[in-house]
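This briefing goes through a single chain by topic. The sequence and the model are shown first, and the notes follow.

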Amino acid sequence: LYEELAKRLKEETAKLTMGDPLDEQTFLGPLITEEDAQRVENWIEEAIQDGAKLLVGGRRHGVLMEGTILENVGRTTRLGSREVFGPVCCLSKFNDIKE
């Protein structure tokens, strides 16, 4: 189940259009400031350095961030323990609800 879900999310996320929020073709608009976009980018990089795997996205284009999916994000990273306020999804495998 996990592998199929991750595959489909990756495929659909890669199709998301970034750009001007006034353009009806745009799905992902800009973050409020470039500093915010840099913060999201830094949190993604930190998670990857901690062992997370980037499945799709992760790149910043000025104030725009690509839709991003990572897996195995460490719980002690900022991305794993705080609200990112950016287009980022973290996937984790588990065997039961207690995990």
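**Sheet, helices and core**

β4 and β5 run parallel and are joined by 4 bridges. The model is a predicted one. β1 and β4, in contrast, pair in the antiparallel sense, over 3 bridges. Together these strands form an open sheet of 3 strands in the order β1-β4-β5, with mixed pairing.

**The sheet**

- The edge strands of the sheet are β1 and β5, each of which pairs on one side only.
- On average, neighbouring strands of this sheet are turned by 30° against each other, direction ignored.
- E71 has bridge partners in both of the other strands: L91 in β5, and K53, whose bridge partner in β4 is E71.
- L70 has C90 as its bridge partner in β5.
- From β4, T68 and L70 point one way, while I69 and E71 point the other way; all are buried.

**T68 in strand β4**

- T68 lies in strand β4.
- Its relative accessibility is 2%, so T68 counts as buried, the cut-off being under 20%.
- Leaving aside residues up to four places away in sequence, T68 touches T13, I44, L54, V56, G57, G58, P87, V88 and C89.

**Helix α2**

- The 16 residues of α2 should span 22 Å at 1.5 Å a residue, and the end C-alpha atoms are 22 Å apart, which agrees.
- Which residues of α2 are buried? They are A37, V40, E41, W43, I44 and A47.
- These buried residues cover an arc of only 155° around the axis, and therefore lie on the same side of α2.
- E35 and Q49 are exposed, on the other side of α2.
- The buried residues of α2 pack against several elements: β2 (60–61), β3 (64–65), β4 (68–71), α3 (78–81) and β5 (88–91).
- α2 lies across β1, β4 and β5, and runs at about 25° to β4.
- G51, just after α2, takes a positive phi of about 115°.

**Helix α1**

- For the 13 residues of helix α1 (residues 2–14), 1.5 Å a residue gives an expected span of 18 Å; the end C-alpha atoms are 18 Å apart, which agrees.
- Y2, A6 and T13 are the buried residues of α1.
- They cover an arc of only 40° around the axis, which puts them on the same side of α1.
- The cover over the buried residues of α1 includes β1 (53–56), β4 and β5.

**Nonpolar cores**

- In soluble globular proteins, nonpolar side chains tend to be buried together.
- How many residues does the largest nonpolar core have? There are 13 in it, and those with the most contacts inside this core are V40, I44, L70, L79 and V88.
- Helix α2 (residues 34–49) gives the most to this core, with 5 residues.
- I44 touches G58, M65, T68, L70, L79 and V88, again not counting residues up to four places away in sequence.
- Another core, of 6 residues, lies apart from this one, and among its members are A6, L55, V56 and L91.

**Loop residues and backbone angles**

- N72 is in the loop between β4 and α3. Its phi is positive, about 60°, although N72 is not a glycine.
- With a relative accessible area of 47%, N72 is partly exposed.
- F85 is found in the loop between α3 and β5. The phi of F85 is near 55°, a positive value in a residue other than glycine.
- Is F85 buried or exposed? F85 is exposed, because its relative accessible area of 63% is over the 50% cut-off.
- G86 is also in the loop between α3 and β5. Its relative accessible area is 25%, so G86 is partly exposed.
- G86 and G19 are 67 residues apart in sequence, and their C-alpha atoms are 14 Å apart in space.

How values were computed: Residues numbered from 1 in each chain as written. Predicted model: local features only at pLDDT ≥ 70, side-chain atom pairs only at ≥ 80, totals over all residues. Heavy atoms only, no water. Core = buried A, V, L, I, M, F, W, Y, C linked by side-chain atoms within 4.5 Å. Buried < 20%, exposed > 50% of the residue type's maximum accessible area, 1.4 Å probe, protein only. Helix = DSSP H or I, 4+ residues; strand = E, 2+ residues; numbered from the N terminus. Contact = heavy atoms within 4.5 Å. Expected span 1.5 Å × (residues − 1). Arc of directions from axis to C-beta. Pairing = 2+ DSSP bridges. Axes fitted to C-alpha atoms, helices over the stretch in contact; angles between N-to-C directions.
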